[in-house]
Amino acid sequence: MRRPAVFAVLVLVTGVIAGMVLYSRAGFFGLTYQHVVAQSPGIYGIRLDEPAFTEGARPGVVASASDLQFIDGSPETGQYVLQVLTTFPGFLVTAGAFFLLWRLLWRARDGVYLPQVARQVRVLGWWLLIGGLLAPQMEHFAMMALLDTMTVNEAHFGIKEIPVVVPLVGFGLLALANVLRTGVRMRDDLEGTV
């Protein structure tokens, strides 16, 4: 495969994935709809006794709803901004990670034991580590601020739980960058002695 073809495939795959992330949760950053939706962090055990729910359940199974959403049909501009901030940081981290990965692959086409490749792996590791830790917190804060505009005493401005895989991937890439940097130094020392 020629390099322009590889570049076109990478751009296409990155565009498709970024598009899926962009439209995944709330349309176009939540601006597609004429209303804003805030999700309550509380867990409710609301029993559903409606026939529409109970008829679909097997004998002995109880239908229950645990999520509570508040929908404002006449939102203000500030609520739209908060709605955007409930999805935009995650999109920004994902799109940035794909861009940095594309740059890494582009630099690694001449070999992996190059200083530029080690630097790109380190940048990608820090991006995923910092962005992966901050983006969910920013989205959670925006959701709670949006919820606070629609309810009384429902928002919980605590720290959101972060999946363990996020820091592991970031630290793993930082460790890989150190290994690559050591490999670059060893290669340079070997070339200098030969």
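I looked first at how helix 5 passes helix 6, and the crossing is left-handed (the near helix is turned anticlockwise from the far one by less than a right angle). Helices here are DSSP runs of H or I with at least four residues, numbered from the N terminus. The model is predicted: local features need pLDDT of at least 70, side-chain atom pairs count only at pLDDT 80 or more, and totals for chains, interfaces and linings use all residues. Residues are numbered from 1 along each chain, and side-chain values use heavy atoms, without hydrogens and water.

I then took the geometry of this pair. Helix 5 covers residues 115-150 and helix 6 residues 165-193; they pack at about 165°, axes 8 Å apart. Axes are lines fitted to C-alpha atoms over the stretch in contact, and angles run from 0 to 180 degrees between N-to-C directions. Helix 5 and helix 6 are therefore roughly antiparallel (over 145 degrees).

I listed the contact (heavy atoms within 4.5 Å). Helix 5 contributes residues including Val121, Trp126 and Leu133, and helix 6 residues including Phe171, Leu180 and Val184. By class I found 19 nonpolar, three polar and two charged residues.

Next I checked helix 4, residues 88-107, which packs against helix 5 at about 170° with the axes 9 Å apart. This pair, helix 4 and helix 5, is therefore also roughly antiparallel. Its contact has 16 nonpolar, six polar and three charged residues.

Last I looked at Gln137, which lies in helix 5. A polar atom of the Gln137 side chain is 2.8 Å from the backbone oxygen of Lys160. Leaving out residues up to four places away in sequence, Gln137 touches Ile159, Lys160 and Ile162.

Definitions and conventions:
Helices (H or I, at least four residues) and strands (E, at least two) are DSSP runs, numbered from the N terminus. Angles under 35 degrees count as roughly parallel, over 145 as roughly antiparallel, 65 to 115 as roughly perpendicular and the rest as oblique. Ala, Val, Leu, Ile, Met, Phe, Trp, Tyr, Cys and Pro count as nonpolar, Asp, Glu, Lys and Arg as charged, and the others, Gly among them, as polar. A polar contact is a pair of N or O atoms within 3.5 Å; within protein, one must be able to donate a hydrogen and the other to accept it, and residues adjacent in sequence count only if both atoms are side-chain atoms.
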